[in-house]
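Got your viewer open? Here is a short tour of what to select and what you will find there.

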There are 2 protein chains.
Amino acid sequence: MPKLYDLELSGNCFKVRLMCALLGVPLEVVPVDFLGGEHKKSPLIDMNPFGEVPVFVDGSVVLRDSQAILVYLARKWGGDAWLPTAPAEMAEVMKWLMVAENEIARGPADARLHDKFGYTLDVALARERAARILALMDAHLARKQWLALGRPTIADVACMPYVALGHEGGVPLAPYAAVRGWVERVKSLPGFISMPAL
Amino acid sequence: MPKLYDLELSGNCFKVRLMCALLGVPLEVVPVDFLGGEHKKSPLIDMNPFGEVPVFVDGSVVLRDSQAILVYLARKWGGDAWLPTAPAEMAEVMKWLMVAENEIARGPADARLHDKFGYTLDVALARERAARILALMDAHLARKQWLALGRPTIADVACMPYVALGHEGGVPLAPYAAVRGWVERVKSLPGFISMPAL
């Protein structure tokens, strides 16, 4: 059974738990003592020198980064459903994985790190970035049901959590009706599981 | 022939030109009047609402984000050579595409934006992030020839440019011997093309 070194309140860890639930893949969840810095010490730091969670292990495969783990899960257990391999379709999914890794991480996710976990960072800049990406997503989702393709993909799983948790970082979704509709669609997927504050 | 809306001094645009050169794919390069804000106006803003370059067009396929474009190029013209579809191998490549999108973009690339192009950003933070990711990459590359697999992949193409341009942002590679060796290996790939200051 694959194993996730996990922090319950991390949206990045949640993405992995959610994708496994959507795929029906059993997952052993191992809580990490984050406040005690367990992820910065051996053996976790040997598995992920970046010193972060999630860390995902499946046999000899050891992975860091939630987006990379989603790619692995989709390719191993999802066929072409959640991540197609045709060039144009795969690239459409990738565009949004990159938004999760960049604009969303440095926007609503950073704002939440500041407000909820006391991280020292420029929260005004994070909220400005959040407003910018949410406006772009809202315009996009006003015309589409799902971010990348005509069906849910790992793009939606990658982008939804920190958008829907934005209220914990002073980034409510009230101005973004199309984004709110999409969040509800993701929450209605068969097998969906939730996390605190979502 | 695919078309790239291009800025010569952009490392992200260079990745696209480089990958096409490595694959032997002819590319129409269309310079964008960046200082004149052409990328913020129609028709470019309609192709990429994010208002950034590169923008890549291949028939009806219109893509933003250099990492997503690399995925498209590799899948369309590279078979499994530059981006394998087996789950573990694809995920290894993805880990490093995400480093290009996150740690390298917010590290050495941001420092260069500040120093070379006068962007207003926290350059001390960018250099701190640069030192952190370069130390991690140096330790990794002390044991490996290429970032993701036993051969060059789009991971190397995605990560190399802004690392090798670090000196333009006050982030020289002098302390990182393994990184320097890897940069030289990328530069020695058959078909390699360069860009200013690389």
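**Stop 1: chain A as a whole**

Select chain A: its radius of gyration, taken over C-alpha atoms, is 16 Å, which agrees with the value near 16 Å for a compact globule of 198 residues (the rule being 2.2 Å times the number of residues to the power 0.38). This is a predicted model, where local features need pLDDT of at least 70 and side-chain atom pairs count only at pLDDT 80 or more, while totals for chains, interfaces and linings use all residues. Residues are numbered from 1 along each chain as its sequence is written, with chains lettered from A and ligands numbered from 1 in the order in which they are written.

Show just the C-alpha atoms of chain A and they fill a box of roughly 45 × 40 × 25 Å along the principal axes. Switch to cartoon for seven helices and four strands (DSSP runs: H or I of at least four residues for helices, E of at least two for strands, numbered from the N terminus). Trace chain A from the N terminus and you get β-α-β-α-β-β-α-α-α-α-α.

**Stop 2: a helix pair in chain B**

Now select residues 87–117 and 123–141 of chain B, helices H4 and H5: they pack at about 135°, axes 8 Å apart (lines fitted to C-alpha atoms over the stretch in contact, with angles from 0 to 180 degrees between N-to-C directions). That angle makes H4(B) oblique to H5(B).

For the contact, show residues including Val99(B), Ile104(B) and His114(B) in H4(B), and Val123(B), Ala130(B) and Ile133(B) in H5(B) (contact: C-beta atoms, placed from the backbone, within 7 Å).

Note on methods
Parallel < 35°, antiparallel > 145°, perpendicular 65-115°, else oblique. Contact = placed C-beta atoms within 7 Å.
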